[in-house]
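Thank you all for making the time this morning. I would like to walk you through one structure, and I would ask you to keep it open while I talk.

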Amino acid sequence: MFRFDRRLLQNVDWLLLASALALVALGLLTLWSLSPGRQGSGVVWRQLSWLGVGLLALAAAASVDYRNLVRVAPALYVVGVGLLLTVFLFGRAVSGARRWLPLGPVTLQPAELFKLLFVITLAWALTARWANPRSRATLASALGLLVVPFVLVVRQPDLGTALVLVPVFFALLFGAGVRLRELGWLGLAGLAGTPLAWVVLKEYQRERLFVYLNPFRDPLGSAYNVIQSKIAIGSGQFLGKGVVGATQSRLAFLPERHTDFIFAVFAEMWGFVGALLVLVGYAFLILRGFEIAGRAREPVGRLLALGVTALLGAQTLINLGMVMGLLPIVGIPLPLMSYGGSSLVITLMALGLLLSVRMRQSL
Amino acid sequence: MALKGFGAGRGAPRDPFRRRLLFLTICALTGFLVLLGQLWYLQVLEGARLHDLSERNRIRVRPAAAPRGILFDRNGLALVDNRPAFTLSLIPREMEDRGTVLARLSVLLRVPLAELTEALARVPPDSFMPVRVRRGLTMEEVAKVEEWKLELPGVVVEVEPQRVYPSPRLGAHLLGYVREVSEDQMRQGRYRRGELAGQSGLERLLDEYLRGRDGGEEIEVDAFGRPVRVVRRQEPRPGAHVATTLDRHIQEVVERAMGNHAGAAVVLDVRSGDILALTSSPAFELDHFTGALGREAWLRLVRDPQAPLLNRAIQSQYAPGSLFKIVVAAAALQEAVITPFDRLRCAATFQLGARTFKNWEDADWGELDLYHAIVRSCNTYFYQLGLKVGMEPMARYARAFGLGAPTGLALAGEKAGLIPELPGPKGKRPRGWKPGDTVNISIGQGPVLVTPLQVARMMAAVATGGILWKPRLVQRVEAPDGRLLYSEPSQMTGYVDLSPAVWAFLQRSLWGVVNDGGTGAAARLPGIEVAGKTGTAQIVTNSDARRGQDHAWFAAYAPAQDPQVVVVVLVERGGRGGQAAAPIARQILYGIFLERVASAGGSG
């Protein structure tokens, strides 16, 4: 399993790797330009060290044969759910949410790791010898795999991460060949469940749900954030204001500017031209991911590549949509660019899996 | 090329997986195109306007607090209300020369400078959100701030709805106080800095309903921070109204009757379990909390040895004293240990082994039947009866009457009281148990503790012939538009199953306590027949040489033939129940039945 075949190296997708690293670099540049002083460099150094960890994780994920990984998926899933449960018991609460596990000097966000484990597990559940994507039993077991962690993550509360699991789930079922009619029923049932939950909830619980939906904990405040974010993006205009002129971001009008709203900062500084570059970069990653899925010869690789790509794509689209004021604010970081160790390491690890599929498709 | 893998451009691929993959790819691409469109719209089409906004100046948010919901009594009289009040707020971002502005303000309003700097230290210096530093400004203070406005950039006076109380101590423990949220509460994430929240009593229990939703305005301001126009306005949504079960008239009567005595009193509606009045004294003044209650005043309140914040009616536990004889008598009759016709000696003392137990009066009253033993509250009679009944049945009947468990009242911190654990099978006594304990328990001393609310519920069970109510404090919660958000029906939580003859006997005995030359004669009221029982709870460490230190109980219901209300009075260190508590209960009953103001539809 760990014997390294030299032919693998020839099949590394350097273009994918390069564009991912370019996006990370743009993220670092943005972090640095937010506060170029000594204070800012601390953030940059920390993110750089996470990049180091992430690259190691990427290399590790790429060098392991993903088929072996999928074989132990049930164990991974149990570990993942276990971690989510541990957050309940020992998690550190930050502004009302219990999402972080303190591990020595660093804190881990198990929900981030779980997203990846979820993709691996679902790929396993849909391709295992007994699985038949056209059978109801397989469908039901896949649904079960979603529901348990979904509830746990919602309870943290981290609605953003929980919501990302849903499109990934549907993409994987769709890719695995589940009948459209059944997918449709599943989707309808999910939609029908939403107003049902709404009716069941009490008035004040609904109010709380609003609060979950919005990381800044009050409707007025979040409207303020979206407005400031739109002003930041829009005021960048075609060519951007440059680092010094980006008053919206530099003067801290923008909330969460290091993390969830980093794209708005970038767009203010580099304008439509720069933002377009970033969009193209992400679109390239997604298309490349789907292409790798399409080229894979066996179902495990196909679904794994598809799932990882869907995960990346869903997070990117939701984050950008939210920052541009098209979607309600749920706290989701922008993969690769946002500040934050767990997110960066996990995203790079996911790309490692993608590389792994690609490296082994012609063997 | 990126799409080569799907065989794009050669029609739909044959492989179903690739066909589906192509669909997903198109979905993702569509997403990116939408984002691109929005980017174009924001940066190119709207770019100039948004750039202008960011340059000239920006959007501020000015919050508007929602008025809290109002608490009503059962007849629709307000127990608390709101009035607009002035709050001094600072907007950190607009305070250019912070030190000077704060120093001026401190001198102008005679506010300690430390208080102002401390309030500001908790928020980022570039925040636009007003930091509320002092509530309840007087008109005079407001005028001063307005007068010096130009010298005080970043200082604003906000108008906020504030609680106002018809009388500051009325139902203090029940209603609870409202205060700015603590750092802890903010960390839990439900509140924003500077928000007011119910911190005790109903205000806290129903805070989610009462608080409403704050609104606010987004205003465009110019370079000097002056509002140019309102961009968007969200009206605050007032909180929901609460109909409690309290009767404001009775609550006032009860509080007046308790006067300066430390203790508690409860009035329960026998027919529904509704709490008509509940008080604990000493009480605290609710409106102390709404203004700027300083640290000093707060500490004084918390450290007061009289514990005014403690709700003695549900959070303090006392030995029931002779009230417990009701339970012992019920157990004895129902278990046929004794009949109403049997007599036992009521001597001055009772000897058990080497121990001597005394009656409360140093006289031999001769042979008594159960009725007279209750009426005169003879201890030595009940020592013997308790030993006959046994420990286990006494504890079992006590639990049946709802003692030893919380009543289920929704208010926080209700105590369960204490009834000894039932012994194991075959009458085995719990470890460390001595016959002397059984003797003590039979007159409500030793390891038995009850809360005044539990006693009220027990009395209601006697009055109704067995119904154990869940005490109800809230009837309905209604949104301001009249929508019903919550309602609580009267709820029976149990039934004390005794034969009708036993109930009739108990009721007649309690009538006798007040009307037949018994210990409760001080509660006798012309025109209304009262039934009740006195109790005197010895404080464990005190010998009976210091009788004046005992807690005084009186538990009554009236009218005796058609019970409507239960009244329970406890006076801490008041002495004998018949002397200290019964007259207060009488005054309460007088207020309920004989001086009742014409409040339409009132019950009781």
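I will begin with chain A and its helix packing, then turn to salt bridges, and finish with two places in chain B. Please bear in mind throughout that this is a predicted model.

Let me start with the overall picture of chain A, whose secondary structure comes to 16 helices and three strands. Of the 363 residues in this chain, 57% are buried, and if we take the contacts with a separation of 6 or more, residues 24 or more positions apart account for 72% of them.

Within that chain I would like you to find helix H2, residues 14–34, and helix H14 of chain A, because their axes come within 10 Å and cross at roughly 165°, and an angle over 145 degrees counts as roughly antiparallel, which is therefore how H2(A) and H14(A) are described relative to each other. The crossing in which H2(A) passes H14(A) is left-handed. On the H2(A) side the contact includes A:Leu15, A:Leu16, A:Leu23 and A:Gly27, and among the residues they and their neighbours in the contact meet on H14(A) are A:Phe266, A:Trp270, A:Tyr282 and A:Arg288. Sorted by character, the residues of this contact divide into 17 nonpolar, five polar and one charged.

A:Arg288 brings us to the salt bridges, of which the structure holds 31 over all chains. The side chain of A:Arg288 meets that of A:Glu291 in one of them, at 3.8 Å from N to O. Both residues lie in H14(A), which spans residues 262–295, and they are three residues apart, about one turn of the helix; both are also buried.

How far apart in sequence are the parts that a salt bridge in chain B can tie together? Take B:Arg68 and B:Glu203, whose closest N and O atoms are 3.0 Å apart in a salt bridge. B:Arg68 lies in the loop between strand E1 (59–64) and strand E2 (71–72) of chain B, and B:Glu203 in helix H8 (residues 201–205) of chain B, so this pair ties together parts that are 135 residues apart in sequence. Both B:Arg68 and B:Glu203 are buried.

Another pair in chain B is B:Glu115 with B:Arg134, again a salt bridge with its closest N and O atoms 3.0 Å apart. Here B:Glu115 sits in helix H4 (residues 113–121) and B:Arg134 in strand E4 (residues 131–137), so the parts tied together are 19 residues apart in sequence. B:Glu115 counts as partly exposed at 31% relative accessibility, and B:Arg134 counts as partly exposed at 22%. Back in chain A, salt bridges that share partners join A:Asp13, A:Arg288, A:Glu291, A:Arg295 and A:Arg358 into one network.

Now to the two places in chain B. Helix H10 of chain B, residues 248–258, is mostly covered, with eight of its 11 residues buried, including B:His249, B:Gln251 and B:Glu255. The buried residues of H10(B) pack against several elements of chain B, among them strand E11 (263–269), strand E12 (275–281) and helix H21 (577–593).

Lastly, is B:Thr451 buried or exposed? This residue is placed in the loop between helix H18 (435–441) and helix H19 (452–464) of chain B, and at 0% relative accessibility B:Thr451 counts as buried. Leaving aside neighbours within four places in sequence, B:Thr451 is in contact with B:Ala313, B:Ile314, B:Ser316, B:Gln317, B:Lys415 and B:Trp553.

Definitions and conventions:
Residues numbered from 1 in each chain as written. Chains lettered and ligands numbered in written order. Predicted model: local features only at pLDDT ≥ 70, side-chain atom pairs only at ≥ 80, totals over all residues. Heavy atoms only, no water. Salt bridge = Lys/Arg side-chain N within 4 Å of Asp/Glu carboxyl O. Helix = DSSP H or I, 4+ residues; strand = E, 2+ residues; numbered from the N terminus. Buried < 20%, exposed > 50% of the residue type's maximum accessible area, 1.4 Å probe, protein only. Axes fitted to C-alpha atoms, helices over the stretch in contact; angles between N-to-C directions. Parallel < 35°, antiparallel > 145°, perpendicular 65-115°, else oblique. Left-handed = near helix turned anticlockwise from the far one by under 90°. Contact = heavy atoms within 4.5 Å. Nonpolar A, V, L, I, M, F, W, Y, C, P; charged D, E, K, R; others polar.
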